[in-house]
Amino acid sequence: MGFCTILCFWASKNQEFRWPIAGRKAAPGFKVAILGAAGGIGQPLAMLMKMNPLVSVLHLYDVVNAPGVTADISHMDTGAVVRGFLGQPQLESALTGMDLVIIPAGVPRKPGMTRDDLFNINAGIVKTLCEGIAKCCPNAVVNLISNPVNSTVPIAAEVFKKAGTYDPKKLLGVTMLDVVRANTFVAEVLGLDPREVNVPVVGGHAGVTILPLLSQVKPACSFTPEETEYLTKRIQDGGTEVVQAKAGAGSATLSMAYAAVKFADACLRGLRGDAGIVECAFVASQVTELPFFASKVRLGRVGAEEVYQLGPLNEYERVGLEKAKKELEASIQKGVSFIRK
Ligand SMILES: NC(=O)c1ccc[n+]([C@@H]2O[C@H](COP(=O)([O-])OP(=O)(O)OC[C@H]3O[C@@H](n4cnc5c(N)ncnc54)[C@H](O)[C@@H]3O)[C@@H](O)[C@H]2O)c1
Ligand SMILES: O=C(O)C[C@H](O)C(=O)O
């Protein structure tokens, strides 16, 4: 039996387990927890958050392999103090005192599945984790990655409402990967560096609910109807493109970790009080008649401080919006009913 096996066995029996066992005092900064930290997204996300100078404490929670990932990440010579938490008995310790909780816990798609096919497993996981957040860090900003985001965000909201801790500004469904993909694919068509391109992506995070607003791309540009059709479809199917290429080994993990860190960093800069931090996210919204919708939001000291309207849409986008709302409504309702049943 190797040292790690003994450690994992001991950790699973010992609710007070921490890694490292003796740690140094944390420098000023934000305390961030990753739930699902040993997964395909969780591991590179943990690595990138350990490199973020705004993070002083990084808690890595998972139901498997948290000690191994924590030992590994803790050897990086960056500022954040890293602690690992393994299994449900350690969830409360993982969450207590956190400013930001990032959730990539849950199962990913295999070829042929929709994100909604993940609902039966991931809904329960998100519910349990959010109950922990409501109890241990009710003021934390939550970045929810677990699919189907269109339903897991409403689930989280209902859990927080039930616990009496719901603050719509603090619950953000992560749709940053859609923006990252849109920037990349649009830049390819325009022959630009993707860092020069910004594409707002609104609606939700599944199929036709992913609605890129190509009429609002910066820098200002125009597309032929064929380019619009190609880009919209490619952005909507970006996740499926990766699922198919991975052929059963999961869905996007590395680009998602990159996108999650880009979004988490924006949230932390907002919490710090930086002005003008605007990103797209799936949030409680009055932009349409639906209770949740992804659009640009201004991130500030208390989370999503302002939710922006969609701006002028062209006819192609107006048609897309109607399709998106129809599917979104059902997904939101499914999430709400899971808790209210
Ligand atoms: N929002 C997005 O844009 C986006 C992008 C990519 C993937 N995702 C979703 O993110 C989720 C994770 O994807 P992945 O590729 O990292 O999957 P993965 O299977 O590689 O990792 C998931 C991790 O979650 C852990 N986990 C399971 N149940 C848990 C629980 N109750 N508490 C804590 N951790 C738990 C697993 O042990 C595993 O380590 C999936 O639902 C996937 O669909 C979302
Ligand atoms: O496509 C998936 O299932 C994962 C994720 O939602 C993605 O967009 O890559």
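Q: Helices here are DSSP runs of H or I with at least four residues, and strands are DSSP runs of E with at least two. What, then, is the make-up of residues 175-338 in this predicted model?
A: That span is 48% helix and 17% strand, and its end C-alpha atoms lie 22 Å apart. UniProt, in an unreviewed entry, labels residues 175-338 "domain: Lactate/malate dehydrogenase C-terminal".

Q: Which residues carry the N-terminal domain label?
A: The label "domain: Lactate/malate dehydrogenase N-terminal", again from an unreviewed UniProt entry, covers residues 31-173. Over that stretch the chain is 39% helix and 21% strand, with 19 Å between the end C-alpha atoms.

Q: Why is Ala304 called buried?
A: Count its neighbours: 24 C-beta atoms sit inside 10 Å. The cut-off for buried is 20 or more, so with 24 Ala304 makes the grade. Ala304 belongs to strand β11 (residues 303-307).

Q: What does Ala304 touch, leaving out residues up to four places away in sequence?
A: Its contacts are Lys169, Leu172, Ala281, Val283, Val297 and Leu299. As for Arg340, 36 residues apart from Ala304 along the chain, the two C-alpha atoms are separated by 25 Å.

Q: Why does Asn65 count as partly exposed?
A: Asn65 has 19 other C-beta atoms within 10 Å. Buried takes 20 or more and exposed takes 12 or fewer, so 19 puts Asn65 in between, as partly exposed. You'll find Asn65 in the loop between β2 (55-62) and α3 (66-74).

Q: And why is Ala247 labelled exposed?
A: Ala247 has 9 C-beta neighbours inside 10 Å. Exposed means 12 or fewer, so Ala247 fits the label. Its place is the loop between α9 and α10.

Q: What makes the phi angles of Asn65 and Ala247 worth a look?
A: Phi of Asn65 is near 60°, and phi of Ala247 is about 50°. Most residues other than glycine have a negative phi. Asn65 is not a glycine and its phi is positive; the value for Ala247, also not a glycine, is positive too.

Q: What makes the Asn147-Pro148 peptide bond cis?
A: Look at omega, which is about -5° for this bond. Pro148 lies in the loop between β5 (141-144) and α6 (149-163). There is also a cis bond from Lys218 to Pro219, with omega near 5°. Pro219 sits in the loop between β8 (210-212) and α8 (225-236). For context, most peptide bonds are trans.

Q: How do you know that β9 and β10 pair?
A: Pairing needs at least two bridges, and β9 (residues 277-284) and β10 have eight, so they qualify, in the antiparallel sense. One bridge links Val283 to its partner in β10, Phe293.

Q: What makes β10 and β11 a pair as well?
A: Four bridges join them, and the two strands run antiparallel. With at least two bridges required, four is enough, so they count as paired. Gly300 has Gly303 as its bridge partner in β11, and a hairpin of two residues connects the strands.

Q: Why is strand β10 described as mostly covered?
A: Of the nine residues in β10 (residues 292-300), eight are buried.

Q: Which residues touch the most other members of the largest nonpolar core?
A: In this core of 106 residues they are Ile34, Leu60, Leu100, Val101, Ala156 and Ala260. Helix α10 (residues 254-272) supplies the largest share of the core, 10 residues. In soluble globular proteins, nonpolar side chains tend to be buried together. Take Ala156: beyond four places in sequence, its contacts are Val126, Cys130, Val142, Leu144 and Leu171.

Q: What makes up the shell around ligand 1?
A: It has 33 residues, and Gly36, Gly39, Gly40, Ala105 and Asn147 are the closest. They split into 18 nonpolar, 13 polar and two charged. Helix α5 (residues 119-136) gives the largest share, four residues.

Q: And what surrounds ligand 2?
A: Ligand 2 has 13 residues around it, with Arg109, Asn147, Gly239, Ser251 and Ala252 coming nearest. Five are nonpolar, six polar and two charged. Helix α9 (residues 238-246) gives the most, five residues. Asn147 is thus among the closest residues for ligand 1 and among the nearest for ligand 2.

Definitions and conventions: Residues numbered from 1 in each chain as written. Chains lettered and ligands numbered in written order. Predicted model: local features only at pLDDT ≥ 70, side-chain atom pairs only at ≥ 80, totals over all residues. UniProt positions renumbered as here; feature names shortened; annotations may be inferred. Near = placed C-beta within 6 Å. Nonpolar A, V, L, I, M, F, W, Y, C, P; charged D, E, K, R; others polar. Contact = placed C-beta atoms within 7 Å. Core = buried A, V, L, I, M, F, W, Y, C linked by C-beta atoms within 7 Å.
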